Amino acid sequence: MKVTVIGSHLCPDTLYALNKLSEAKADIEFKNLSASLPDLKAYLALRDSDPRYEAVKQSGGIGIPAFVLEDGTVTLDLGDVLK
């Protein structure tokens with residue numbers, strides 16, 4: 001399975017997800033928002049236009065980690081990725 005993980009090396013939830021995906025032998029592309037302004041800008045564009053982020057934004061969250069599957073599906077649920 002190939003998955004793009006959008007998150008930050010400063011986020012414990014992102015680190016947990018990366019470890020679980022590594023254990024599952026996933027092919028991981030990591031977009032570290034703390035290290036790349038272009039990746040941060042692309043993520044903010046996604047976050048600002050995707051209705052699934054409304055609850056996250058209203059609660060003051062960032063919405064990471066986020067996962068983009070091979071078919072382009074975006075999810076915030078690690079369980080969806082590990083199925």
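**Exercise 1. The aromatic pair**

Determine whether Tyr53 is buried or exposed in this predicted model, then describe the aromatic pair to which Tyr53 belongs.

Solution.
- Step 1. The relative accessibility of Tyr53 is 0%. Buried means under 20%, so Tyr53 counts as buried.
- Step 2. The structure contains 1 aromatic pair. Its members are Tyr43 and Tyr53, with ring centres 5.9 Å apart and 80 degrees between the planes.
- Step 3. An angle over 60 degrees counts as edge-to-face, and the pair of Tyr43 and Tyr53 is accordingly assigned to that class.
- Step 4. Tyr43 belongs to helix H2 (residues 37-49), whereas Tyr53 lies in the loop between H2 and helix H3 (54-58). The two residues are 10 residues apart, and the pair links distant parts of the chain.
- Step 5. Tyr43 has a relative accessible area of 2% and is therefore buried as well.

**Exercise 2. A network of charged side chains**

Identify which residues are linked with Lys31 in a network of salt bridges, and state how accessible each one is.

Solution.
- Step 1. Side chains of opposite charge can pair when their charged atoms come close. The cut-off for a salt bridge is 4 Å between nitrogen and carboxyl oxygen.
- Step 2. Lys31 and Glu29 satisfy this criterion, with an N to O distance of 3.6 Å. Lys31 also forms a salt bridge with Asp39, where the closest N and O atoms are 3.8 Å apart.
- Step 3. Lys31 takes part in both salt bridges, and the network consists of Glu29, Lys31 and Asp39.
- Step 4. The relative accessible area is 26% for Lys31, 35% for Glu29 and 22% for Asp39. Values between 20% and 50% count as partly exposed, so this class applies to Lys31, Glu29 and Asp39.
- Step 5. For contrast, consider Lys41, which is placed in helix H2. Lys41 is exposed, at 65% relative accessible area. Lys41 and Glu29 are 12 residues apart in sequence, and their C-alpha atoms are 17 Å apart in space.

**Exercise 3. A salt bridge within a helix**

Locate the salt bridge between Lys20 and Glu23 and state how many residues separate the two partners.

Solution.
- Step 1. The structure holds 6 salt bridges. One of them joins Lys20 to Glu23, with the closest N and O atoms 3.6 Å apart.
- Step 2. Both partners lie in helix H1 (residues 12-23), at a spacing of 3 residues, which is about one turn of the helix.
- Step 3. Lys20 is partly exposed, with a relative accessible area of 30%, while Glu23 is exposed, at 56%.

**Exercise 4. The sheet**

Give the order of the strands in the sheet and determine which strands stand at the edges.

Solution.
- Step 1. The open sheet comprises 4 strands in the order S2-S1-S3-S4, and its pairing is mixed.
- Step 2. The edge strands are S2 (27-32) and S4 (74-75); each has a single partner strand, so one side of each lacks a neighbour in the sheet.
- Step 3. Strand S1 (residues 2-7) and S2 run parallel and are joined by 6 bridges. Thr4 has Glu29 in S2 as its bridge partner.
- Step 4. Strand S3 (residues 66-69) and S4 run antiparallel and are joined by 2 bridges. Val68 stands opposite Val74 in S4.
- Step 5. S1, H1 and S2 together make a right-handed β-α-β unit.

**Exercise 5. The nonpolar cores**

List the residues of the largest nonpolar core and state which element gives the most to this core.

Solution.
- Step 1. In soluble globular proteins, nonpolar side chains tend to be buried together.
- Step 2. The largest nonpolar core has 9 residues, namely Val3, Val5, Ala17, Leu18, Leu21, Ala26, Phe67, Leu78 and Val81.
- Step 3. S1, H1 and helix H4 (78-82) each give two or more residues to this core. The greatest contribution, 3 residues, is that of H1.
- Step 4. A second, separate core has 8 residues, among them Ile6, Leu33, Tyr43 and Ile64.
- Step 5. Returning to the largest core, Val5 is one of its members. Beyond four places in sequence, the residues that Val5 touches include Leu18, Leu21, Ile28, Glu29, Lys31 and Phe67.

Note on methods: Residues are numbered from 1 along each chain as its sequence is written. This is a predicted model: local features need pLDDT of at least 70, side-chain atom pairs count only at pLDDT 80 or more; totals for chains, interfaces and linings use all residues. Side-chain values use heavy atoms; hydrogens and water are left out. Buried means under 20% relative accessible area, exposed over 50%, partly exposed in between (1.4 Å probe, protein chains only). Two strands pair if DSSP finds at least two bridges between them. A crossover is right-handed if, with the strands pointing away from the viewer, the path from the first strand over the helix to the second runs clockwise. A nonpolar core is a set of buried Ala, Val, Leu, Ile, Met, Phe, Trp, Tyr and Cys residues joined through side-chain atoms within 4.5 Å. Contact means heavy atoms within 4.5 Å. Rings of Phe, Tyr and Trp (its six-membered ring) pair if their centres lie within 6.5 Å; planes under 30 degrees apart count as stacked, over 60 as edge-to-face and the rest as tilted.
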